[in-house]
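User: I'd like a close look at the aromatic side chains and how the parts around them pack. Please walk me through it in plain words, with the cut-offs as you go.

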Amino acid sequence: MQRSIGVPDRRPRIRGPARVRPWLLLFSVALVLRIAYAWLATGPDAQPYSDAADYDAIAWNLANDRGFSLGESAAPYPTAYRPPVVPWLTSLLYRAIGHEYFAAVLLQCVIGACVPLVLGRFAAAIFGGVVGELAAWLAALNPLLVFFSGYLMTEIPFTAILLLALFATTEWVKTPRTARALGVGMLWGVASLTRPTALALPALVALWAWVPLGLSVAPRERTRQVVLVALGLVLVIGPWTIRNALALRAFVPVTTGGGRAFLDSNNPLVWNDPARRGGAVSTYHLEPYAQEFSGLSEVEADALAARRGREFLAARVPEWPAMALAKLGRFWRLGAEAGGTGTWRRPDSPLGALTRRVDPLVVWSLVTLPFAIWGTVRVLRGPRRWFQSLTLLVILYFTVLAVVYWGSLRSRVAIEPLFALLAAVGIDDMRRRLRARASGLRVVSARE
């Protein structure tokens, strides 16, 4: 017989409208905040630029049956520079209503409003219902998550899918089943096709799952379950890899942007400029790299960029610790992004004057950071720390990625809900301790 592991929600189950209303309110508040930001920051006349311009162009080409391509409608060319999920989702919208860019932004707002709902369910599954509700509201109000919901980029859809994959993983580990294992792998595949930075994460999660799986299934079945997860991953990513091989005549698992992203942060232009250290620049259009990349295919340019990035690091080995600290400083900064990241709002946006006076992210960070730190301590000291440590493992994974590539708030968006979850754990623990003290009792941990 299989045992269920994890943290059950011991509160009485409420069914029907009474159970739905709090989550509907949560979704409504989250959606209103995100739409309001998008309207005030860019407005209905917004035009795509930078990364969003690529996603928009590919989506419009898909909607017009020109394939996954970039370039003008008269001469589109196949590409794998961007991952496929966001352009594909946007193309469905464009097929229905036409080329309305702000509608694509509003779709991002809807997806962003779903993030607190998924986080709440995931948090409740491993920490209990109270923590789930607290985490969901923190995610709904989080300035960073509100901000990135207002742009056509991969960060918010990836965050939603990442949380779905984490929730499915915990449910699978609690009660391993063939269909669940296959579904978990497929969700991780979708996450990887949304942002390829997730590609190595399923292997790390499988290693984490090895211990709790051993509590509920036989060793041979445990191996089979992990193999099924890998199979689900291949079933989703495989067709896209085959498409890339046919279109680009090269082995490209997800995108052709990894090498260039690596060079963008590991080059002398960034490291020799104190204002840019830890960040990145688009080397594709800067000398001496622009001349080197000229005339190369996507695959060739990506390979050359990766090689140039490795050469730069090989020549600066003694400076690696300083590079890592600079990247981590940007990644875990408490305030909004500094200069060099482009214009995120229209010039006449009323948000400009407001954010110049008060940085919402600084205020939010100062309020939630102490609770998140305390929540981390409670997880590490708790009786179910291995099961609940999945949150910390994912945070650590993306922190390491920031050291390899670059530190930015964009890179941190995916784990911002998990940061909110740890803050919710800390708030809940403090709440229980205060209630116990008011009642003349003492909170005793499971270790005592």
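Analyst: **Rings and packing**

Let's start with W332, which is partly exposed at a relative accessible area of 31%; here buried means under 20% relative accessible area, exposed means over 50%, and partly exposed is in between, using a 1.4 Å probe and protein chains only. Before going on: this is a predicted model, in which local features need pLDDT of at least 70 and side-chain atom pairs count only at pLDDT 80 or more, while totals for chains, interfaces and linings use all residues. Residues are numbered from 1 along each chain as its sequence is written, and side-chain values use heavy atoms, with hydrogens and water left out.

F331, next to it in the numbering, has 0% relative accessibility and so counts as buried. Searching the whole structure turns up 14 aromatic pairs. A pair here means rings of Phe, Tyr or Trp (its six-membered ring) with centres within 6.5 Å; planes under 30 degrees apart are stacked, over 60 edge-to-face, and the rest tilted. One of these is F147 with Y151, a tilted pair at 5.3 Å centre to centre and 50° between the planes. F331 and W332 are edge-to-face, because their planes stand at 90°, with the ring centres 5.2 Å apart. Back at the tilted pair, F147 and Y151 are both buried, and ring pairs tie them into a cluster with Y37 and F148.

Two arginines also sit over rings, a label that needs NZ of Lys or CZ of Arg within 6 Å of the ring centre and within 35 degrees of the ring normal. R277 has its charged end over W271, 4.3 Å from the ring centre. R260 does much the same to Y284, lying over its face at 4.5 Å from the centre.

Now for the helices, which are DSSP runs of H or I with at least four residues, numbered from the N terminus (strands are runs of E, at least two). The chain has 21 helices and two strands. Helix 9 (residues 201–214) and helix 10 (residues 219–248) have axes that come within 10 Å and cross at roughly 155°. Axes are lines fitted to C-alpha atoms, for helices over the stretch in contact, and angles run from 0 to 180 degrees between N-to-C directions. That angle makes helix 9 and helix 10 roughly antiparallel: under 35 degrees is roughly parallel, over 145 roughly antiparallel, 65 to 115 roughly perpendicular, and the rest oblique. The crossing of helix 9 over helix 10 is right-handed, a term for the near helix being turned clockwise from the far one by less than a right angle (anticlockwise is left-handed). W210 is among the helix 9 residues in this packing, along with P202, A206, L213 and G214, and they meet R222, T223, V226 and L233 of helix 10. Contact means heavy atoms within 4.5 Å.

Another tryptophan, W208, touches S389, as does V379, leaving aside residues up to four places away in sequence. S389 sits in the loop between helix 18 (385–388) and helix 19 (390–404), and its relative accessible area of 16% makes it buried.

Helix 19 also packs against helix 7 (residues 155–174), at about 140° with the axes 12 Å apart, so helix 7 is oblique to helix 19. That crossing is right-handed too. Phenylalanines appear on both sides: F158, L162, L166 and T170 of helix 7 meet L390, V394 and F398 of helix 19.
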